[in-house]
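Let's take a friendly walk around a metal site and its neighbours. Have the sequence and the 3D view ready, and follow along.

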Amino acid sequence: AKADGRHTARFFDPGMQAAADRQAALETALRGGLAAHQFVLYCQPQFNRQGSLVGAEALVRWRREGGELVGPAEFIGLAEASGLIGPLGQHVLDAGCRALARWQGDPVLGRLKLAVNVSAHQLRSAAFARQVDEILAQTGAPPQKLCLELTESVFAEDAAGIIARMHALRARGIGFSLDDFGTGFSSLSYLKRFPLTALKIDRSFVHDVHIDPDAGPIVEAIIALARTLKLDIVAEGVEHEAQRSFLIEGGCSTFQGYLLGMPVPIEEFEHLYSAHGLG
Ligand code: C2E
Ligand code: CA
Ligand code: CA
Ligand code: CA
């Protein structure tokens, strides 16, 4: 019993206990928030080289009781660790597809693609393709307007299963964008093996593209690579005109960032951009 005592003492470390309590409380709150429909979509616009609106990215926010707005950085990690990312991801996809269906009657919104972030946990589930099919059928969203954004972490396990699921969804017309490109441990062979339709240059590269003598050429090389592979290329985090001009010069096709539009609640997005005053 004495030998075990040390382990017991470590288990009851008050700091660790407090952190575990906070984690458990947040998990309970997340679960309750999901049941109470507190997770809402914000949309950030995306523009082409000519400056026309061509799409949007759906970004989830947690609107807690009392109105506090919590960003995904605060809860996506725990949602993944606790398995809640499954139902949360379904909710986001469902809300995104309902929006795509709603937009079809509008001359501006009806042309937009909507990018929805998908976590590796979601794509690793064998049921994922069927779940997406069900949501498409229930909402009536046009699949060729839906783009799923995934990160390199998706490719770490079960590549064969993931590739099969991606091909099944590609066959419906759904696109796949590789998010945060350049930040992971990415092997360029991913670009050949996985059926992607777009690359998204991480905002850390976009940030000093116009000032850092290394960032510029890296971005130019990424754009050239994407063009060779016939992938769309989206720059995120565009905050300054100088960044946009550099990216235009380099051949980038799509632009997203505070310079062009902030993420706003989806109803506001619809109000801002629809031709008919939807929303
Ligand atoms: P991300 O996919 O890289 O999304 C872009 C993030 O950059 C968003 O942060 C957006 O608000 C922010 N951003 C947009 N333009 C600019 C800019 O010009 N400058 C700067 N500095 N930032 C900009 P947000 O909304 O806080 O989302 C953070 C991350 O949370 C996302 O990064 C994404 O990885 C994750 N996320 C968001 N929604 C979802 C979701 O529905 N499901 C999953 N699995 N992850 C999500
Ligand atoms: Ca994203
Ligand atoms: Ca990103
Ligand atoms: Ca990023």
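Is Asp179 buried or exposed? Asp179 counts as buried, because its relative accessibility is 7%. (Buried means under 20% relative accessible area, exposed means over 50%, and partly exposed is in between, with a 1.4 Å probe and protein chains only.)

Before going further, some ground rules. This is a predicted model, where local features need pLDDT of at least 70, side-chain atom pairs count only at pLDDT 80 or more, and totals for chains, interfaces and linings use all residues. Residues are numbered from 1 along each chain as its sequence is written, chains are lettered from A and ligands numbered from 1 in the order in which they are written, and side-chain values use heavy atoms, with hydrogens and water left out.

**The two calcium ions**

Asp179 is a good place to start, as it bridges the calcium ion (ligand 2) and the calcium ion (ligand 3), which lie 3.8 Å apart. Here are the donors of each ion. (Donors are N, O and S atoms within 2.8 Å of the metal, or 3.2 Å for Na, K and Ca; water is not among the atoms, so sites may look incomplete.)

| Ion | Protein donors | Distances |
|---|---|---|
| calcium ion (ligand 2) | Glu57 (OE), Asn117 (OD1), Glu149 (OE), Asp179 (OD) | 2.1 to 2.3 Å |
| calcium ion (ligand 3) | Asp179 (OD), Asp180 (OD), Glu236 (OE), Glu236 (OE) | 2.2 to 2.8 Å |

Along the chain, the donors of the calcium ion (ligand 3) follow the spacing D-D-x55-E. Asp179 sits in strand E6 and Glu236 in the loop between strand E8 (232-235) and H11, so this pair ties together parts that are 57 residues apart in sequence. (Helices, H or I with at least four residues, and strands, E with at least two, are DSSP runs numbered from the N terminus.) Glu236 counts as buried, with 9% relative accessibility.

For the calcium ion (ligand 2), the spacing of the donor residues reads E-x59-N-x31-E-x29-D. Here Glu57 in strand E2 (residues 53-63) and Asp179 in strand E6 (residues 175-181) link distant parts of the chain, 122 residues apart. Glu57 is buried too, at 5% relative accessibility.

**Ligand 1**

Asp179 turns up again here: an N or O atom in its side chain is 3.0 Å from an oxygen atom of ligand 1. That's a polar contact (a pair of N or O atoms within 3.5 Å; within protein, one must be able to donate a hydrogen and the other to accept it, and residues adjacent in sequence count only if both atoms are side-chain atoms). Arg61 has a polar side-chain atom 2.8 Å from an oxygen atom of ligand 1, while the side chain of Glu239 puts an N or O atom 2.5 Å from a nitrogen atom of the ligand. On its own, ligand 1 exposes 800 Å², and the protein buries 81% of that (by the Shrake-Rupley method with a 1.4 Å probe; for residues, only the protein chains shown count as cover).

**Gln243**

Now look at Gln243, in helix H11 (residues 241-250). Gln243 is buried, with a relative accessible area of 0%. A polar atom of its side chain lies 2.9 Å from the backbone nitrogen of His240.

**The cysteines**

How many disulfides does the structure hold? Zero. (A disulfide is a pair of cysteine sulfur atoms within 2.5 Å.) Take Cys43: the closest cysteine sulfur, in Cys97, is 12 Å from its own, too far for a bond. Cys252 is in no disulfide either, as the nearest cysteine sulfur, that of Cys147, is 14 Å away.
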